[in-house]
Each structure stands twice: as structure tokens, then as C-alpha cells.
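Okay, thanks for making time, everyone. I'll put the structure up now and talk you through it.

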Amino acid sequence: MVAKPLSDPEATKGVAFGLTAYVMWGCFPLFFALFQGVPAYEILIHRVIWSCLFLVGLVTVMKRWHPIRQALAEPRRLGRVLGCAVLIAINWGLYIYSVETRQVFQASLGYFLTPLVNVALGMLVLRERMAGLQSLAVLLAATAIVIQLLLLGELPWISLTLALSFGTYGLLRKQVPLDGLSGLFVETLLLLPLGLMALSWLSMADLSHFLDTPRITLLLIASGVITALPLLAFAGAARRLRLATLGFLMYLNPTIQFFIALLVFREPLSPIQLVTFVLIWVSLALYSWSAWHTRSRPPLAPAGTQSK
């Protein structure tokens, strides 16, 4: 991608698209907090189903069926896409659970950790070499997790699972020749049969909340729409901005989540948790500084294919 100065009108549009995408992703806790009384697994089921149905219309309007037909015509290449689908479902479900149980600080920490997990996975799996500052950043992040484990006596399992699932998703997604919109559609399409079966079981067991009230019904349908909209905005940003710029904008998402947890949900933040966040922020500052100076090298995964 050719770098453009920020004074370039297209680059300015790219920043606007990027801000739109990351602000929407960052505000997801406010949306999922509206589902009072609906368990996270049921919201996940509807998110998969309605995302897939909404994307059918979107792909049709945008005339993007060609890469999708190509992918579906080669079943042998769908293994990685299925792996991506499972990982994104885990990520979505756990994220919804973190909002439902008011553990948004952990979700925020997980997405702050994701770039560092990407670096570590690149070293361990792809045998990529890390710059000195990147190694130090990963070490500081690991130290933060160990401190929380030793002083609080518990692992931030939501944070780690979100970061690892999305980091591994990025690793697999890198090997799938599909753009973000087409890839998300194929992933949800592969999950659709399971989603429909799960919804049928909930209905037969009289456990479904889908038709409880018009409000809940509309919210469950809307969960599919809000999954696709920030992805479209991100696609507009990715076409116009350097990946390094997208990488910096990415931190808006967990930052907004952090302040929503602190100011809106009033979640308790212990001094040890604050120390953990500070160490992660220092790690990200080192990582970003290193990435900025080596920005001609592409990152392990697309910076903004967020999975909330």
C-alpha cells in the first residue's frame, strides 16, 4: 500500500473511517449490556445467524460473491476458515460473557494484549525475529500477568483467552486469501448450521428469549447488523491508510472499553489491576515505537479485524 500524507483527502477519509470502526467496536459493551436476562450463549447464537443473513444482503449489494464462490468451491482450503470460525465464535461468546458479568476491564486488557500476543505467535509459530524493543514489550506483558497471578491469586483468564483466541485467529486468517467482509461471511456461513440447530433446541426446550419482547427481538437481530458495520468502516480505512496508522488507531477500542468499565459500569479496579494495565500500556508504547520504526514490514495480522 502506498503511504499517503495525512493532508491527502483520501487519507483524511481513511482516518475518519478508522475512527468510526474503532469507536463502534469500543462501544460494544454499551450495546451488549442492553440484553438483560438473555444469556451470553443465546446472544452468540443470534449474532452468528443474523450476521450471516445481513452479510448475504450486503455481499449481494456490493457484488462481492466472486471470492466467496471461489473459496466455497475448494473445500480443502476451508479447514483454516473453519478454524477461524471456531476461534471467532469463542472470542465473541467470551466477550459477550465479560459484558454480561461486568468484567469489561478484563476484556479491555485482553484487547490491549492482542498485538503483543501477535508478536509472540509470530516468533513461536512463524519463526519471525523480534526487534529488541518488541521482545522487551512481550516480557513486560508477561511480567504483568505473573504479578496479577502472584498478588491476586488468579489468572486474568478472560483477558488471556480473548487475546490468545484473537491472536490465533489472526495467525490463521493471514493464511486465508479472503478480504475481511468475504472472510467474515464464510466464517458465519460455516457456523450457521450449528446456530440454527442451537436455536431450534432452545425453542423446543422453551428456553429461547427471541420473542419475549419486541425490544429483545430487535436487539438480537441488530446484533448481526452491528457486527458488519464497523467491519465495513475498517475496510474503508484499510484501503486508504498505512497499516502502521491502523495499528495506532486500534488502541482506541480497548481504551474506550476501559473507560466504559470505569465510568459507566463502575467496575472495581484494584491497585494490582492498575499496575497490570500500566505495565501493558508501557509494553504497547515500546511495541508501537518499534513498529513505527520498522513500519515497512507488514504485521502478523490485520490490525483492525476486531472480534467483539
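So, Leu196 sits in helix α9, which covers residues 180-204. This is a predicted model, by the way. Leu196 has a relative accessible area of 41%, so we call it partly exposed. Look across from there to Ile49: the two are 147 residues apart in sequence, yet their C-alpha atoms are 7.2 Å apart in space.

Stay on α9 for a moment, because Thr188 is in that helix as well, and with a relative accessibility of 1% it counts as buried. What does Thr188 touch, leaving out residues up to four places away in sequence? The list is Val48, Ser51, Cys52, Leu55 and Trp92. There's also Val81, which is 107 residues from Thr188 in sequence and 9.9 Å from it in space, C-alpha to C-alpha.

Cysteines next. Cys52, which we just met as a contact of Thr188, is at 2% relative accessibility and therefore counts as buried. Cys84 is at 0%, so that one is buried too. How many disulfides turn up in a search of the whole structure? Zero. Just to be clear on the term, a disulfide is a covalent bond between the sulfur atoms of two cysteines.

Let me zoom out. What is the protein built from, in helices and strands? There are 13 helices and zero strands, so if you read along the sequence you get α over and over, as in α-α-α-α-α-α-α-α-α-α-α-α-α. The protein has 308 residues, and buried ones make up 48% of them. Now take contacts between residues at least 6 apart in sequence: 86% of those join residues at least 24 apart. As for the surface, the protein exposes about 14,500 Å², and carbon and sulfur atoms supply 70% of that.

Back to single helices, and α1, residues 9-26. With 18 residues at 1.5 Å a residue, α1 should span 26 Å, and its end C-alpha atoms are 26 Å apart, which agrees. Which residues of α1 are buried? They are Ala11, Gly14, Gly18, Ala21, Tyr22, Trp25 and Gly26. If you look down the axis of α1, those buried residues fall within an arc of 130°, so they line one face of the helix.

On to α5, residues 78-100, where we find Gly79. Gly79 has a relative accessible area of 46%, so it is partly exposed. Its C-alpha is 9.8 Å from that of Val176, and the two residues are 97 apart in sequence.

Now the aromatics. We describe a pair of aromatic rings by the distance of the centres and the angle of the planes. The structure holds 22 aromatic pairs. Take Phe31 and Phe35: the ring centres are 5.3 Å apart and the planes are at 80°, so that pair is edge-to-face. Both Phe31 and Phe35 are buried. Then there's Phe105 with Phe258, where the centres are 5.2 Å apart and the planes are at 55°, so this pair counts as tilted. Phe105 is in α6 (residues 104-124) and Phe258 is in α12 (residues 252-264), so the pair ties together parts that are 153 residues apart in sequence. Phe105 and Phe258 are both buried.

There's a cluster to point out as well. Ring pairs link Phe28, Phe31, Phe32, Phe35, Tyr95, Tyr111, Phe166 and Tyr169.

While we're on α6, Gln106 is in that helix too. Is Gln106 buried or exposed? Buried, because its relative accessible area is 12% and the cut-off for buried is under 20%. Leaving out residues up to four places away in sequence, Gln106 touches Pro156, Trp157, Ile158 and Ser159.

Last stop, two arginines in loops. Arg102 is in the loop between α5 and α6. Its phi is near 55°, a positive value in a residue other than glycine. Arg102 is partly exposed, with a relative accessible area of 36%. Arg266 is in the loop between α12 and α13, the latter being residues 271-293. Here too phi is near 55°, again positive in a residue other than glycine. Arg266 is at 64% relative accessibility, so it counts as exposed.

That's my tour, so let's hear your questions.

How values were computed: Residues numbered from 1 in each chain as written. Predicted model: local features only at pLDDT ≥ 70, side-chain atom pairs only at ≥ 80, totals over all residues. Heavy atoms only, no water. Helix = DSSP H or I, 4+ residues; strand = E, 2+ residues; numbered from the N terminus. Buried < 20%, exposed > 50% of the residue type's maximum accessible area, 1.4 Å probe, protein only. Contact = heavy atoms within 4.5 Å. Areas by Shrake-Rupley, 256 points an atom, 1.4 Å probe, with all protein chains shown as cover. Disulfide = S-S within 2.5 Å. Expected span 1.5 Å × (residues − 1). Arc of directions from axis to C-beta. Phe/Tyr/Trp six-rings, centres within 6.5 Å; stacked < 30°, edge-to-face > 60°.
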